[in-house]
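Let's learn to read a model by asking about one feature at a time. Have a look at the structure first.

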Amino acid sequence: MDYRTEAPPILRDFLVYHETIQGHSRKTVDEYYLDLRNFFRFLKQNKNLIPKDMPLDDVSIDDADLALVRDVTLTDIYSYMNYLSRDRGLNNASRARKVATIRSFYKYLTNKAKLLDTNPVQDLDSPRLKKSLPKYLNLDESLELLDSVDGKNSTRDYCILTLFLNCGLRISELVSLNKTDVRVDQLRVLGKGNKERMLYLNDACQRALEDWLTERDTLTLVDQNALFVTLQNRRRISTAAVHKLVKKHLAAAGLDSSQYSSHKLRHTAATLMLQNGVDVRTLQEVLGHDHLNTTQIYTHVDNEDLRTAARANPLGRVKQRKKPKNEENMDNEG
């Protein structure tokens, strides 16, 4: 799939903008293309621009143009959401992502490309999402995970887990790290949208990195730049390999590997930092979140501060409710 050749011009310009100006990954841009291709197909069917019996997956969008997208109403989009739910079986989270893509497309057409005078989807509502608290390991479980690392690749794996649990890295950020990104007590991280941030390394991270770099420097590597490599082919470690090693060590520690993942280790790092005095705005910088409300979900997790707040209310020390006299008389009669 190559959106540069398959997408009609009105869509291709939007995708190029996101890849080159916004710095979004090729994978993200490809997902935008697929979302909007499906939306255009539905529009053509909904507006009777194709034969009624034509399968939606066979509809070409080569002729999609400004006239088609300008003619869209909120009713069209709600019909599309209904189709995704009823016919495609998509849940609220999946449909919300597609709404976000459509919103972004029309915002581009209105504010950037200046092809539309008004944004027809400006008042578009997203499906309501159930807000769930992130799963994370507590301190004892985190220590058990680190203690469980043994055997082949243990130096590398221990370093990877240590960085996840202390720095809260995304898996994509970890696999893209280069050796030159380690700068004594700092780590240069390239996050979403190619946004660079510097993280300070605590003693545990520095020791783990020093041990791994000592071992790494004895290897004959195909990829000389990559910080983490597979010992089998000496190339940069893949996302799949990191997922696999995390699951392996979780199981070795007696933890439910079906409930936790590398991303849950990022949640763990965030939660432990908050529980130990890091304020939410600093945590936002550490995690590389664009918006504070993304970080604020971690402020709702169970922690000792909440227990302290509950105990601080003086009414919590009331030992027993005094019975009214009429209740005492009823007890005596009984």
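Q: What should the 14 residues of helix α10 span at 1.5 Å a residue, and how far apart are its end C-alpha atoms?
A: The expected span is 1.5 Å times one less than the number of residues. For α10 (residues 203-216) that gives 20 Å, and the end C-alpha atoms are 20 Å apart, which agrees. Bear in mind that this is a predicted model, where local features need pLDDT of at least 70, side-chain atom pairs count only at pLDDT 80 or more, and totals for chains, interfaces and linings use all residues. Residues are numbered from 1 along each chain as its sequence is written, and side-chain values use heavy atoms, with hydrogens and water left out. Helices (H or I, at least four residues) and strands (E, at least two) are DSSP runs, numbered from the N terminus.

Q: Which residues of α10 are buried?
A: Buried means under 20% relative accessible area, exposed over 50%, and partly exposed in between (1.4 Å probe, protein chains only). In α10 the buried ones are C205, A208, L209, W212, L213 and R216. They cover an arc of only 130° around the axis, which puts them on the same side of α10; the arc is that of the directions from the helix axis to the C-beta atoms. The general idea: an α-helix has 3.6 residues a turn, so residues three or four places apart point the same way.

Q: Which exposed residues sit on the face of α10 turned away from its buried side, and what covers the buried residues?
A: The face turned away carries D203, R207, E210 and T214. The cover over the buried residues includes α8 (154-167) and β1 (182-183), with contact meaning heavy atoms within 4.5 Å.

Q: In what order do the three strands form the sheet?
A: Two strands pair if DSSP finds at least two bridges between them. Here the order is β1-β2-β3, in an open sheet with antiparallel pairing. β1 and β3 (196-200) stand at the edges with a single partner strand each, so one side of each has no neighbour in the sheet.

Q: How many bridges join β2 to β3?
A: Five, and the two strands run antiparallel. One example is L190, whose bridge partner in β3 is E196. On the other side, β1 and β2 (residues 186-190) pair over two bridges, and V182 has L187 as its bridge partner in β2. The hairpin of β2 and β3 has five residues between the strands, and there G193 takes a positive phi near 65°.

Q: Which side chains of β3 are buried?
A: In a regular strand the side chains alternate between the two faces of the sheet. Along β3, R197 and L199 point to one face and are buried, whereas E196, M198 and Y200 point to the other and are not.

Q: Where does R234 lie, and which residues does it touch?
A: R234 is in the loop between α10 and α11 (239-252). Leaving out residues up to four places away in sequence, R234 touches L219, T220, L221, V222, D223 and V229. R234 counts as partly exposed because its relative accessibility is 27%.

Q: Which elements have the lowest and the highest mean pLDDT?
A: pLDDT is the predictor's confidence in each residue, from 0 to 100. Helix α16 (residues 325-333) has the lowest mean, 55, and α10 the highest, 95. For the chain the mean is 85, and 86% of its residues reach 70 or more. Where pLDDT is low, the predicted coordinates should not be read in detail.
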